[in-house]
Amino acid sequence: MTTQLSAPNVVSELGPLMKGRVIDRTDPEYDQARSVFNGMIDRSPLAVARCADAADVVAAVNWARENGVIVAVRGGGHSGPGFGTVDDGLVIDLSPMRGVHVDAQQRTVRVEGGCTAGDVDHATHAFGLAVPFGIVASTGIAGLTLGGGTGYLTRAHGLTIDNLLGADVVLADGRIVTADESTNPDLFWALRGGGGNFGVVVSFLFRAHPVDQVFAGPIFFDIADAGTVMRAYRDFLPDSPEELATFFGLKTVPAGDPFPAEHWGKHAGALITCFTGSAEAGAAALAPLMDALPEPLFDWRGEMPFPAWNQAFDPLFPKGMQWYWRGDFVDELPDEAIEAHLEHAKLIPPGAVSLMHLYPIDGAPQRVGSHDTAWSNRDATWNMVIVGVHPDPGAAAGLEQWVRDYWDAVHPFSHRGGYINFMMTDEAPDRLRTTYGDNFERLAAVKAAYDPDNFFRVNQNIAPK
Ligand SMILES: Cc1cc2nc3c(=O)[nH]c(=O)nc-3n(C[C@H](O)[C@H](O)[C@H](O)COP(=O)(O)OP(=O)(O)OC[C@H]3O[C@@H](n4cnc5c(N)ncnc54)[C@H](O)[C@@H]3O)c2cc1C
């Protein structure tokens with residue numbers, strides 16, 4: 001389908017139609033413009049269209065469609081499999097579109113499609129509000145939202161999509177439409193979990209919640225105690241207050257400041273906690289669990305503004321590292337599953353910041369029906385991910401093998417399907433169908449209605465019915 005257009009055509013044809021810049025292979029900024037977060041991804045698009053506004057997105061979509069050029073849509077560029085770029089195609093890059101408007105009266109936030117979670121946190125915090133996104137501030141809100149979105153505020157306020165009130169979308173035919181409960185409700189349904197299949201979302205409207213100071217921080221335990229911690233955490237979670245978000249991790253202690261040098265590189269179990277409220281109430285909420293646990297290596301909980309905590313991990317994950325991940329939804333953690341986790345966590349490749357995280361998605365997400373949004377896994381307890389992360393490209397093969405072996409060992413204990421935002425491109429052929437369950441056929445029908453030619457296919461692709 002890709003035509004053999006020479007690179008200058010993109011700049012001379014599309015450039016004049018756009019307010020933002022079109023960067024082709026001759027541009028000194030090209031290498032920087034084509035790069036995405038995952039350093040494993042090395043693709044060579046025809047050009048990157050840096051869109052300044054929705055009209056630029058329309059121009060880019062129309063130009064690509066009329067010229068038979070494949071497109072990749074980029075929000076924050078954090079996709080593991082690198083869906084924010086494509087060989088010999090046009091990257092529709094929304095990163096210049098970073099406007100955020102907070103309506104404090106209505107407690108709603110209008111967010112442009114190129115924003116990161118940090119952009120939105122910054123704007124909403126001034127009003128004592130927050131929207132539930134993920135745990136790293138540099139992640140794009142577009143890809144995260146369209147996949148579902150899990151993070152610190154999930155148990156209390158739902159998935160990111162449960163807080164989506166509407167979206168403006170540029171469709172494959174170049175029209176801009178609104179999708180919400182009353183306008184194009186089928187599209188609105190599909191956007192809430194169906195990924196980037198349906199169009200380019202140029203702006204999102206979110207509900208925000210009163211979240212200001214949090215009592216939060218990491219608590220690390222020696223790997224010898226990790227089984228005890230994991231079992232106690234499993235038993236503690238169901239009755240714990242929803243304002244308390246605590247995820248469990250198996251990882252190594254990062255080898256650098258501010259981590260204590262005597263623990264650098266040690267395998268460890270970790271509770272990463274975030275309580276919306278005062279230090280006293282937060283400490284009391286976690287006390288029943290902490291009282292049952294051995295002495296941690298360190299406990300760094302403290303009171304801080306929510307945006308400070310939501311960006312605390314960003315320095316550990318700079319752009320350009322090698323990333324490979326796999327995940328699953330998890331219902332229960334029997335002791336055999338915990339044993340399998342521990343066995344593979346002890347094999348985390350040295351020098352890496354690789355990890356396994358179990359993000360709780362019980363609470364508010366479970367109060368939404370499994371057919372109310374495209375995300376159907378409303379009865380799962382955790383969104384689990386195993387991530388191999390390493391600065392050295394030479395370590396990539398070892399990382400992938402570690403993730404695959406680990407996943408193979410714990411997958412038998414999983415629920416139905418996995419989070420599309422924690423998939424690469426090498427999953428089983430029926431993985432999306434399994435993940436969406438009953439919703440899959442409806443998603444394929446919505447795809448056929450809004451993108452019958454599968455123009456938007458650089459994503460976890462749902463073929464038109
Ligand atoms: C360091 C790190 C931490 C993470 N933490 C979390 C977490 O806590 N919670 C969580 O839920 N996920 C998390 N993720 C996963 C994250 O949700 C996905 O990687 C997501 O795809 C990132 O979105 P993006 O816009 O940055 O990515 P991109 O690479 O820009 O895009 C990802 C996908 O979304 C599509 N897309 C992007 N922008 C648009 C748009 N405007 N309109 C239509 N489609 C679009 C793309 O085509 C692509 O298919 C994390 C990822 C990383 C790398």
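The following questions and answers concern a predicted model.

Reader: Which residues have the most contacts inside the largest nonpolar core?
Author: In soluble globular proteins, nonpolar side chains tend to be buried together. The largest nonpolar core here has 123 residues. A second, separate core of 27 residues includes L46, W63, V71 and L90. Inside the largest core, the residues with the most contacts are L250 and L271.

Reader: Which strands are the edge strands of the open sheet?
Author: Five strands form this open sheet, and their pairing is antiparallel. Their order is β5-β6-β10-β8-β9. An edge strand pairs on one side only, and this holds for β5 (100-103) and β9 (176-180).

Reader: Which residue in β10 does D168 stand opposite?
Author: Strand β8 covers residues 164-170 and strand β10 covers residues 200-207. The two run antiparallel and are joined by six bridges. Opposite D168, in β10, stands S203.

Reader: What angle does the direction of helix α4 make with that of β5?
Author: Helix α4 comprises residues 117-125 and packs on the sheet. The helix touches both β5 and β6 (108-112). Between the directions of α4 and β5, the angle is about 35 degrees.

Reader: Which residue has a polar backbone atom 2.7 Å from a nitrogen atom of the ligand?
Author: There are 33 residues around the ligand, and G75, G77, I135, T150 and Y419 come nearest. Oxygen atoms of the ligand lie 3.1 Å from a backbone N or O atom of H78 and 3.0 Å from a polar backbone atom of S79. For the ligand nitrogen atom at 2.7 Å, the residue is T150.

How values were computed: Residues are numbered from 1 along each chain as its sequence is written. This is a predicted model: local features need pLDDT of at least 70, side-chain atom pairs count only at pLDDT 80 or more; totals for chains, interfaces and linings use all residues. Side-chain values use heavy atoms; hydrogens and water are left out. A nonpolar core is a set of buried Ala, Val, Leu, Ile, Met, Phe, Trp, Tyr and Cys residues joined through side-chain atoms within 4.5 Å. Buried means under 20% relative accessible area, exposed over 50%, partly exposed in between (1.4 Å probe, protein chains only). Two strands pair if DSSP finds at least two bridges between them. Helices (H or I, at least four residues) and strands (E, at least two) are DSSP runs, numbered from the N terminus. Contact means heavy atoms within 4.5 Å. Axes are lines fitted to C-alpha atoms, for helices over the stretch in contact, and angles run from 0 to 180 degrees between N-to-C directions. A residue is near a molecule or strand if one of its heavy atoms lies within 4 Å of it. A polar contact is a pair of N or O atoms within 3.5 Å; within protein, one must be able to donate a hydrogen and the other to accept it, and residues adjacent in sequence count only if both atoms are side-chain atoms.
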